[in-house]
Amino acid sequence: MFLRGLRLGAPASERATGRTPGGGRGANPASPSPATTAPAPAPTTTRLPAPARLVALGDLHGDFEATRAALRLAGAIDPQDKWIGKELMVVQTGDQLDRGDGERKILELLERLQTEARAAGGPCTC
């Protein structure tokens, strides 16, 4: 992360202003002034090839049975929770965890499905 003018471990008064009590910037008097600092790098964009089929799941909230049902309905898993989605891309957004009792089971299922999907040529990004 790029933080300008923030010194971790500095007193709160310095963190708020980025200035030391003597009026300078930071602990290093040789540090560049704001006018001479290099511009921030341009953001990086990552693009993936469009999948043949895309399914997005959101806000699982620890509900393991609902997660399994959604993955079955999408054609991603069989009744034994094995990957059958072939080239299907599954994207999980929102909260995996939060309220339900199946949080650990969801994490384990999604991690295993990523491995199985990749082995089958599917780009699962759960």
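This briefing describes the fold, the helices and several individual residues of one protein chain.

The model is a predicted one. Its secondary structure consists of three helices and two strands, and, read from the N terminus, these elements follow the order α-β-α-β-α. The protein has 126 residues, of which 28% count as buried.

**Overall character**

- Among the contacts in the protein with a separation of 6 or more, 59% join residues that are 24 or more positions apart.
- The protein exposes about 8700 Å², and carbon and sulfur atoms supply 55% of that area.

**The strand pair and its crossover**

- Strand β1 spans residues 53-58 and strand β2 spans residues 88-93; the two pair in the parallel sense over six bridges.
- Between β1 and β2 the chain passes through helix α2, residues 64-73, and the resulting β-α-β crossover is right-handed.
- One of the residues in this pairing is V55, whose bridge partner in β2 is V90.
- L57 belongs to strand β1 and is buried, its relative accessible area being 10%.
- The C-alpha atoms of L57 and Q92 lie 4.7 Å apart in space, although the two residues are separated by 35 residues in sequence.
- Apart from neighbours within four places in sequence, L57 is in contact with V90, V91, Q92 and T93, and also with A70 and L71.

**Helix α2**

- The buried residues of α2 are F64, T67, R68 and L71.
- Viewed down the axis of α2, these buried residues fall within an arc of 95 degrees, and they therefore line one face of the helix.
- The buried residues of α2 pack against both strands, β1 and β2, and against helix α3.
- L71 is one of the buried residues of α2, and L71 is also among the contacts of L57.
- Just after α2, G75 adopts a positive phi of about 80 degrees.

**Helix α3**

- Helix α3 comprises 17 residues, 103-119, and extends 25 Å from its first C-alpha to its last, close to the 24 Å expected at 1.5 Å a residue.
- Buried positions in α3 are I106, L109, L110, L113 and A117.
- These buried residues lie on the same side of α3, because they cover an arc of only 95 degrees around the axis.
- The other side of α3 carries the exposed residues R104, E111, T115, R118 and A119.
- Packing of the buried residues of α3 is against α2 and β2.
- Just after α3, G121 has a positive phi of about 90 degrees.

**The loop between β1 and α2**

- H61 is located in the loop between β1 and α2.
- With a relative accessible area of 16%, H61 is buried, because that value is under 20%.
- Not counting residues up to four places away in sequence, H61 touches D95, Q96, L97, D98, R99 and G100.

**The loop between α2 and β2**

- Most residues other than glycine have a negative phi.
- D81 has a phi near 65 degrees, a positive value in a residue other than glycine.
- The position of D81 is in the loop between α2 and β2, where D81 counts as buried at 9% relative accessibility.
- K86, which is not a glycine, likewise has a positive phi, of about 50 degrees.
- K86 is also placed in the loop between α2 and β2.
- K86 is exposed, because its relative accessible area of 62% is over 50%.

**Points to retain**

- The parallel pairing of β1 and β2 over six bridges is accompanied by a right-handed crossover through α2.
- Helices α2 and α3 are packed together: the buried residues of α2 pack against α3, among other elements, and those of α3 pack against α2 as well as β2.
- Positive phi values occur at glycines just after α2, at G75, and just after α3, at G121.
- Two residues that are not glycine, D81 and K86, have positive phi values as well.
- D81 is buried, whereas K86 is exposed.

Terms used
Residues are numbered from 1 along each chain as its sequence is written. This is a predicted model: local features need pLDDT of at least 70, side-chain atom pairs count only at pLDDT 80 or more; totals for chains, interfaces and linings use all residues. Side-chain values use heavy atoms; hydrogens and water are left out. Two strands pair if DSSP finds at least two bridges between them. Helices (H or I, at least four residues) and strands (E, at least two) are DSSP runs, numbered from the N terminus. A crossover is right-handed if, with the strands pointing away from the viewer, the path from the first strand over the helix to the second runs clockwise. The expected span of a helix is 1.5 Å times one less than its number of residues. Buried means under 20% relative accessible area, exposed over 50%, partly exposed in between (1.4 Å probe, protein chains only). The arc is that of the directions from the helix axis to the C-beta atoms. Contact means heavy atoms within 4.5 Å. Accessible areas come from the Shrake-Rupley method with a 1.4 Å probe; for residues, only the protein chains shown count as cover.
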